[in-house]
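Colleague: I should be grateful for a close look at one part of this predicted model, namely the paired strands and the charged contacts beside them. Please explain each step in a way that a first-year student can follow.

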Amino acid sequence: MADALDLSLLATTATDYSRENKAGIFSKLIGAGLSGTPNTPIKPIDEFMMMIPGNDEVVLTELYLESVLQSGNKGAFTPTNDVFKIKPKIAKVKPCKVDLLFTELKIMALYKSWYGQVRGGKIDKTTYPFEQWVIEHVLKRVSTDLRQKALINGTRNDAGTTPEQAMDGLFVKLAAARASGAIGASQIATINAITTANAVAEFEKIVDKIPTEHYYNELVCITPLAYKRAYERNYRATYGTLPYNAGYNKQEIEGTMVEFLVEPGMLTTGLTAFESPIITSRENLAWLYDDESAQTKLEFDYSKRDRSLAYVMDFQVGFDWALDSLFWLGDVA
């Protein structure tokens, strides 16, 4: 584009840019792009979730192998039949969209911001065009909505218009699993509300629910920041600073290899408050995304009548987990 912005031309060039860079745009958004914050307990989701592509249903399967050991009677072949038990769990991606309408005034304001950075030498317009600048700003917001709202607090509503209605998230799925008995009493510790005065003891009540067979597996503790902060302060006040580094940056539950993972969307107050940290195995959780080009699109459309620019994006994502048996959490008495 020339330095003077032509909105009708922008609709064409922005759509062309999105088509030419489709794979990169959507991989950032719905693949491994729900990034964390470097050097903090807010991790990219691909570090602790299975990343599973698919355009409809995905089978998350638990494979059981029952007892097979026998005494060494070499004179007879006594096969154990039907020891492999498969428990399938079906997960699905769901369609999501972004519908935005930019007025000419808004687009011009964005353009002036971008062009000011070009003039200031911060942006090279030949390698970072305005089209890319606009798309990436929207993608950042969509990624934030997916992780902090839909993934954690979402309840799917096919006719919904908010981020929380895009998918069934962690909270609603956990509630359903507990109500159905899929996550049983042996996996749930009775705890007190977590504070800076008791956090270490309350976390340990949950840890004590982990069976020996899983105790030294790769486990993660998904928690709101407030509970991790309470744990650090309670530990520091009770036991001193020796096990910590200089910044008291505790990354594991003491005496275990259970890594703290802070999820920004987890709340400790409100209608969907998390009363407890959640311990599960790494990659038990699954992030599902549709990577087939037929199901994803990003287009721009210019309306001459009201001089507006529409931004339309379609994609499919989902969230689930494989094994209910690999959850341990607390229930506030």
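Modeller: Strands β6 and β8 run antiparallel and are joined by 4 bridges. One position that shows this pairing is Leu219, which stands opposite Ser281 in β8. Strand β8 also pairs with β12, in the antiparallel sense and over 3 bridges. Here Thr280 stands opposite Phe327 in β12. Strand β8 is thus paired with β6 and with β12.

The side chains of β8 deserve attention next. In a regular strand the side chains alternate between the two faces of the sheet. In β8, Ile278 and Thr280 point one way, Ile279 and Ser281 point the other way, and all are buried.

Strand β6 has a further partner in β7. These two strands run parallel, and 4 bridges join them. The bridge partner of Val220 in β7 is Glu259. Strand β7 covers residues 259-262, with Glu259 and Leu261 pointing one way and Phe260 and Val262 the other. All of these β7 residues are buried. The two pairings of β6 described here therefore differ in direction, because β6 and β8 run antiparallel, whereas β6 and β7 run parallel, each pair being a set of DSSP bridges.

The charged contacts come next. Side chains of opposite charge can pair when their charged atoms come close. Beside the strands, the side chains of Glu218 and Arg282 meet in a salt bridge, at 3.0 Å from N to O. This pair links distant parts of the chain, 64 residues apart. Glu218 is in the loop between α7 (212-215) and β6 (219-223), while Arg282 is in the loop between β8 (278-281) and β9 (285-289). Glu218 counts as exposed because its relative accessibility is 54%, and the cut-off for exposed is over 50%. Arg282 is partly exposed, with a relative accessible area of 22%. The contact belongs to a wider arrangement, in which salt bridges that share partners join Lys43, Glu218, Glu259 and Arg282 into one network. Glu259 has thus appeared twice, as the bridge partner of Val220 and as a member of this network.

Strand β12 also takes part in a charged contact. The side chains of Asp331 and Arg178 meet in a salt bridge of 3.4 Å, N to O. Asp331 lies in β12 (residues 327-332) and Arg178 in helix α5 (residues 170-180), so this pair ties together parts that are 153 residues apart in sequence. Asp331 is partly exposed, with a relative accessible area of 31%, and Arg178 is likewise partly exposed at 29%.

What separates Arg141 and Asp145 along helix α4? They are 4 residues apart in that helix, which means that about one helical turn lies between them. Arg141 forms a salt bridge with Asp145, and the closest N and O atoms are 2.7 Å apart. Arg141 counts as partly exposed at 43% relative accessibility, whereas Asp145 counts as buried at 18%. In total, the count comes to 13 salt bridges.

Helix α4 also leads to the open space in the model. The largest pocket holds about 570 Å³ of space. Of the 23 residues that line this pocket, the closest to its centre are Lys97, Val98, Thr161, Thr162 and Pro163. Both β4 (94-103) and α4 (130-153) supply at least two residues of the lining, and α4 gives the most, with 7 residues. By class, the lining of this pocket has 11 nonpolar, 6 polar and 6 charged residues.

The enclosed space is described separately. A search of the whole structure finds 1 cavity of 30 Å³ or more, and about 40 Å³ of space lies in the largest cavity. Its lining is formed by Phe48, Met49, Leu151, Ile152, Leu170, Ile222, Glu263, Leu285 and Phe319. These lining residues divide into 8 nonpolar, no polar and 1 charged.

One last charged residue may be added. Lys228 is in helix α8 (residues 225-239) and is buried, with a relative accessible area of 3%. A polar contact of 2.3 Å joins the side chains of Lys228 and Glu232.

Terms used: Residues numbered from 1 in each chain as written. Predicted model: local features only at pLDDT ≥ 70, side-chain atom pairs only at ≥ 80, totals over all residues. Heavy atoms only, no water. Buried < 20%, exposed > 50% of the residue type's maximum accessible area, 1.4 Å probe, protein only. Polar contact = N/O pair within 3.5 Å; in protein donor to acceptor, adjacent residues only side chain to side chain. 1 Å grid on protein atoms, 1.4 Å probe; cavity = no way out; pocket = protein on both sides within 12 Å on 5 of 7 lines; lining within 4 Å. Points joined across faces, edges and corners; volume = space filled by probe spheres on them. Nonpolar A, V, L, I, M, F, W, Y, C, P; charged D, E, K, R; others polar. Salt bridge = Lys/Arg side-chain N within 4 Å of Asp/Glu carboxyl O.
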